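Colleague: I am new to this structure and would like a close look at a single part. Could you walk me through the surroundings of the ligand?

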Amino acid sequence: MKPLIIALALVLAAPLPASAHPRPPRDLRQLAEQTGVKIGSAVDIAALRAESDYRRVLNRQFNHVTAENAMKWESVEPQRGVFTWDDADTLVENARRNRQQVRGHTLVWHNQLPAWLTAGVEDGSIGATELRQILRDHITTQVRRYKGKIRAWDVVNEVVEEDGTMRQSIWLKHLGPGYIADAFRWAHRADPRAKLFINDYNLEWNAPKIETTLSLVKELQAQGVPIHGIGFQGHLGIQYDYPGDWANVMRRFADLGLEVAITELDVRMELPVTPEKLATQATYYSRAMTDCLSVRACRELTVWGFTDRHSWVPGWFDGEGAACLLDENLAPKPAYQALLTVKNPR
Ligand code: G3I
């Protein structure tokens, strides 16, 4: 009798196979539940505070969030030793209340650094030894503050150039290539349970960048560095081909034992918006989800903003925009529906 009960329990516990989900998911949270892929969004803290419709949709649709700017160095330590955690705390607290996991973005980057740091390095008042100490303190302080509240950290962001060489950032120039391994080790020490990622853009298709990043991961693993995942930003545009080999690239990193995440997906277009462009955009979003679902190690798909009301694209790419799943009025675009109806092989 007992073996039968155990067998029955095992069957009941197993997630229902895809075909068992009679109806397509009603929203992105249900898509996440049905596929096991966390569906997230970057969050604009000012909008989270000020816009109830933005807040409602964010908390209803997404089970994972990333701070768009609130956890970047210039935001958390604008003056040396003076920390401003309010925005980051707001995101983490909102996530706790709404059953959302959090991706920390980002500990080491060449952009959005506080002026006291870049000026000090430039004028030589901050030398290499002190700079290494400053970086160590920054990582330790920030990761320890959110210990147990951050599922995954983008430890280093955009460290490889488009030609496959290592980015000549303030970190590489003044600390040498070892800064990357140090950053992972310091982050791991501060929160041993957080998943630690390397994150970059154009990794979906840029061969020299892919090869260098794969070699870098292997080097770090050979040194016993605690690296757990690879983040593909996924900033796409319908005026460019969809990166057709993306799933294979994901698999190459998965074969190294890494978790895979799409961390900053958006699909921009040259304005004006037309029904044809929206239809093409929808295919790019559903192909990205399909590629993720085809690689078991891919456990997260985060969009870099869910509404055209708050998107970095128009400010960065002249004449382009409408990159998100929902329009300025938070009405779903064809891309939103396309995500919900992706075939779920899991
Ligand atoms: O905070 C200042 C504010 O005080 C000032 O009044 C305002 C006007 O200039 O600027 C505000 O800073 C802006 C900041 O976002 C916060 O809103 C910066 O100008 C603006 O450049 C910055 O843009 C961010 C960009 O990273 C900076 O590189 C975007 O919002 C953000 O979406 C974007 O995100 C990056 C990821 O971190 C990494 N991958 C690429 C992605 C897109 O560039």
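Modeller: Happy to help; here is the ligand site, piece by piece. First, this is a predicted model, in which local features need pLDDT of at least 70 and side-chain atom pairs count only at pLDDT 80 or more, while totals for chains, interfaces and linings use all residues. Residues are numbered from 1 along each chain as its sequence is written, and side-chain values use heavy atoms, with hydrogens and water left out.

Let us start with the setting. The ligand sits in the largest pocket. A pocket here is an open set of points on a 1 Å grid over the protein atoms alone, where a 1.4 Å probe fits, with protein on both sides within 12 Å along at least five of seven lines. To sit in one, a molecule must have more than half of its atoms within 2 Å of the pocket's grid points.

Around the ligand there are 13 residues, and E68, K72, H105, E264 and W304 come nearest; a residue is near if one of its heavy atoms lies within 4 Å. By type, this shell divides into three nonpolar, six polar and four charged residues.

Now for the polar side-chain atoms. K72 has a side-chain N or O atom 2.7 Å from an oxygen atom of the ligand. On nitrogen atoms of the ligand, E264 places a polar side-chain atom at 2.7 Å, and E158 places one at 3.0 Å. Such a polar contact is a pair of N or O atoms within 3.5 Å. On its own, the ligand has 790 Å² of accessible area, and the protein covers 51% of that; these areas come from the Shrake-Rupley method with a 1.4 Å probe.

How values were computed. A polar contact is a pair of N or O atoms within 3.5 Å; within protein, one must be able to donate a hydrogen and the other to accept it, and residues adjacent in sequence count only if both atoms are side-chain atoms. On a 1 Å grid over the protein atoms alone, a cavity is a set of points where a 1.4 Å probe fits but cannot get out, and a pocket is an open set with protein on both sides within 12 Å along at least five of seven lines; lining residues have an atom within 4 Å of a point. Ala, Val, Leu, Ile, Met, Phe, Trp, Tyr, Cys and Pro count as nonpolar, Asp, Glu, Lys and Arg as charged, and the others, Gly among them, as polar.
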